[in-house]
Amino acid sequence: MTATEERVEGGAIGRPVRRKEDARLLTGKTNWTDNIQLPGTLHMATVRSPVAHARITSIDTSAARAAEGVVHVYTGADFPDLPGSTCVWPVTDDIKTATMPAICKDKVNFAGDVVAIVLATDRYLAYDAASMVDVDYEPLPAVVDMEVALKDGSPLVHEDFGTNASYTAKMPCGDYAAVAAKADRIVKRRFINQRLIPNTMEPRSVVAAPAVGMSDEITIWSATQIPHVLRVLLALLTGIPENNIRVVAPDVGGGFGAKLQINREEVLALVLAKQTGRPIKWTESRSEHFVSTHHGRDQIQDIELAVTDDGTILGMKVDLLADMGAYLQIITPGTPLLGMFMYSGIYKMEALDFTCTGVYTNKTPTDAYRGAGRPEATYAIERIVDEAAAELGMEPLEFRKKNWIKHEEFPYTQIAGLTYDTGNYEAATARALELFGYDELRAEQKARRESGDPVQLGLGISTFTEMCGLAPSRTLGALKYVAGGWEHCTIRALPTGKIELITGTSPHGQGHETAWSQIASDIIGVPVDDIEVVHGDTGRAPYGMDTYGSRSLAVGGQAIKVAGERLVEKARIIAAHQLEVSVDDVEFNAGTYSVKGDPEKSTTIQAVAFEAFTAHNLPEGVEPTLSGESTVDPMDFSYPHGTHLAAIEVDTETGQVTLRKYVCVDDCGVQINPMIVEGQVHGGLAQGIAQALFEGALYDADGNLLTGSMGDYLLPSAADLPSFITDQTVTPSTTHPLGTKGIGEAGAIASTPAIINGVVDAIRHLGVNDVFMPASPQNVWRAIQNAKGGQA
């Protein structure tokens, strides 16, 4: 069904309307940041450190300055006090915060740190000249291992701190020591959530241009997820008044958290545009991306689960080491803590003891990556639950059922203090089992074991929940997060009958233009195609908190609903006046106002919009124009959930892993557009499965990135993944007026433990109880050999 075919009859919400934006995006009629060509543009090239830790002893820029097309060359001496990023989440009172400089002056702290900038009339001339900048380094010992970094005598990333520990955060819930003392068994495991490198279709890019004429305004086009947040932070870091900065996120080709950032290149582009009076443009290369765009995950998780012999979970202990990299960027220290409340997952327990230490290393900084803390938490609980079931000799699914929250127990306040409003884990699991053929696959697994088949079958399970809709502002404030969690929407009924919906969310592939139009269509009663969604431009949409953490629909959707209802109510007053009846006598349905008992006496919302524009005959006290506006701060997070099942074949002789079948049944509450939901699930699954089987950033002992290109860092293609079998259950949220919950990160959160649980299940009878991610043939083969006591 296309947007053109969709009309308001029967409602637009819940229909698989094809995305309005796709025709533009798929045919190249787009405005990516790198497409922007402005007269007089200077192209910015970066000179990056090839070493991870060193003092800068000298920089010779003379050859670069003399090169063809070069206009300026800058070093750290030109901007000694200019920060290149900032951290908005100081998670503890005593946190040690290392701020990334715009350009390093005396010392570099990771391979990829910027030491000089070249401006030239052509991009390629700029990079040719950048290669001529001669930098002498005095190498310093690098530290890349978190546990080594915390030892006495370890090299220090930042000497003035006297330690590589940035912070230690604790959250004790209940008395874990007491429940551990009464447990029959403590199941202990160490899990490694490896470092990942986000890869978007569109690289990072920025253009900054001063206004022509008398205005002091500078417009920045950036491939960013956060135009509104970026505007505020750029003003704070540069001293340029916020009212003189306009940020535009045009068409953005993917984000996944990688563009939830304030980057030194954005800061420099703004400052240099103001200084030179000319447009400044920078677009990263793929090789730059691998070392300079923030990375994700990178945690060591020491997990304990206290259980009784009958399979009851009593409590959980979580000790994390989280790699910060060399600096704290926008939410670097808070990213691992976003999962802090979710380590208990869907399970009932009496105690949860959580500790996280953030550690500096000489590596690229980490920050939010799809799921941001919740994938790590889900991985830990879903893996340890499988391990506990195995130690107790229980079927892993039955162990889960014994301990999860029953549907009749909602709303349920879990051990970390979050109140899950709705859910039905039984229904999602039952549907997943039906689609999967669980019993038949267990029978096949048994037959393969008995026959000694070298290719063994494993079944992986992940029954998860997550928190979305980041978040009530008061909660964020209590967690020391600088910003709020509200969202804004303005809806205008234009004189010609078209609708302009201005949202503070900022899409980068999610389909907001279509889904937001569907919500407004149902409320206002106009066709989906008659609604234009304006986003990502602080000049046209001045208020917003942007897009991340599956918050756009859960929070932004609420603002659309309220703004639309306010528009409808104002129009009702005008319509009643035009129809010469009381407001209470006017009914509204599908865009038409009619008089109760006399439906022939009616007018449309489009006609009312024109009357509001002319203002010739408005009721006393009603202002001209027709619009509705709302800023919504959500009541709570939302809590989608689901059951994911994976059938995995493992060749025990080679370690080769084959994903044979994948079934997931997700519950994201009310679905605005099932087609978009399906797309989000598929994309998330690809990324979560990629962590389990393919991806991993590797460094050598000197801090050199060994996986710094597409040739070394393995990303799956469609050929590497099966056709997913997906379905949904629906338990509407009771804390979000549209009943929605969020879906953008679900696949990435749930799939990784499902896959690894399946791999381990296939070879557990060989003595294996864990496989390092990614579960490459080499890592799986090594796990099997280690279990046998052989060399690996």
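Trainee: Which strands does helix α14 lie across?

Mentor: Helix α14, residues 512–524, lies across β19, β20 (499–503) and β21. Its direction is at about 130° to β21. Before we go on, this is a predicted model, where local features need pLDDT of at least 70 and side-chain atom pairs count only at pLDDT 80 or more, while totals for chains, interfaces and linings use all residues. Residues are numbered from 1 along each chain as its sequence is written, and side-chain values use heavy atoms, with hydrogens and water left out.

Trainee: Where do the helix and strand labels come from?

Mentor: They are DSSP runs numbered from the N terminus: H or I over at least four residues for a helix, E over at least two for a strand. For angles, axes are lines fitted to C-alpha atoms (for helices, over the stretch in contact), and the angle between N-to-C directions runs from 0 to 180 degrees. Contact means heavy atoms within 4.5 Å.

Trainee: OK, what's the strand order in that open sheet of four?

Mentor: The order is β21-β20-β19-β25, with mixed pairing. Two strands count as paired if DSSP finds at least two bridges between them. At the edges stand β21 (531–534) and β25 (626–632); each has a single partner strand, so one side of each is left without a neighbour in the sheet. From one strand to the next, the twist averages 15°.

Trainee: How many bridges join β19 to β25?

Mentor: Seven, and the two strands run antiparallel. To find a spot on screen, look at cysteine 489: its bridge partner in β25 is serine 630.

Trainee: Switching sheets: which strands stand at the edges of the five-stranded one, β7-β15-β14-β13-β8?

Mentor: Those are β7 (165–173) and β8 (185–196), each with a single partner strand, so one side of each has no neighbour in the sheet. This sheet is also open, with mixed pairing. Its neighbouring strands are turned by 10° against each other on average, direction ignored. β8 runs antiparallel to β13 (residues 296–307), and 11 bridges join them. One bridge to look up is arginine 195 with arginine 297 in β13.

Trainee: Now the core. Which residues touch the most other members of the largest nonpolar core?

Mentor: Met316, Tyr662 and Ile755, out of 168 residues. The helix that gives the most to this core is α18 (residues 746–763), with 10 residues. A nonpolar core here is a set of buried Ala, Val, Leu, Ile, Met, Phe, Trp, Tyr and Cys residues joined through side-chain atoms within 4.5 Å. Buried means under 20% relative accessible area, exposed over 50%, and partly exposed in between, with a 1.4 Å probe and protein chains only.

Trainee: And what is tyrosine 662 in contact with?

Mentor: Leaving aside neighbours within four places in sequence, the contacts of tyrosine 662 include His644, Leu685, Ile689, Phe724, Ala754 and Ile755. There is also a second, separate core of 36 residues; Ile499, Ala520, Ile524 and Ile560 are among them.

Trainee: At what angle do the axes of α17 and α18 cross?

Mentor: Roughly 40°, and the axes of α17 (residues 674–693) and α18 come within 7 Å. The two helices are therefore oblique to each other. The cut-offs are under 35 degrees for roughly parallel, over 145 for roughly antiparallel, 65 to 115 for roughly perpendicular, and oblique for the rest. Among the residues that meet are Leu685, Gly688 and Ile689 in α17, and Ser751, Thr752 and Ile755 in α18.

Trainee: Any odd backbone spots? Which peptide bond to proline 411 is cis?

Mentor: The one from phenylalanine 410, with omega near -5°. Proline 411 is in the loop between α10 (396–403) and β16 (412–413). The bond from methionine 773 to proline 774 is cis too, with omega near -5°, and proline 774 is in the loop between α18 and α19 (777–788). For background, most peptide bonds are trans, and most residues other than glycine have a negative phi.

Trainee: So what about the phi of phenylalanine 256?

Mentor: Phenylalanine 256 has a positive phi of about 60°, although it is not a glycine. Look for phenylalanine 256 in the loop between β11 (245–248) and α7 (264–276). Its relative accessibility is 27%, so phenylalanine 256 counts as partly exposed.
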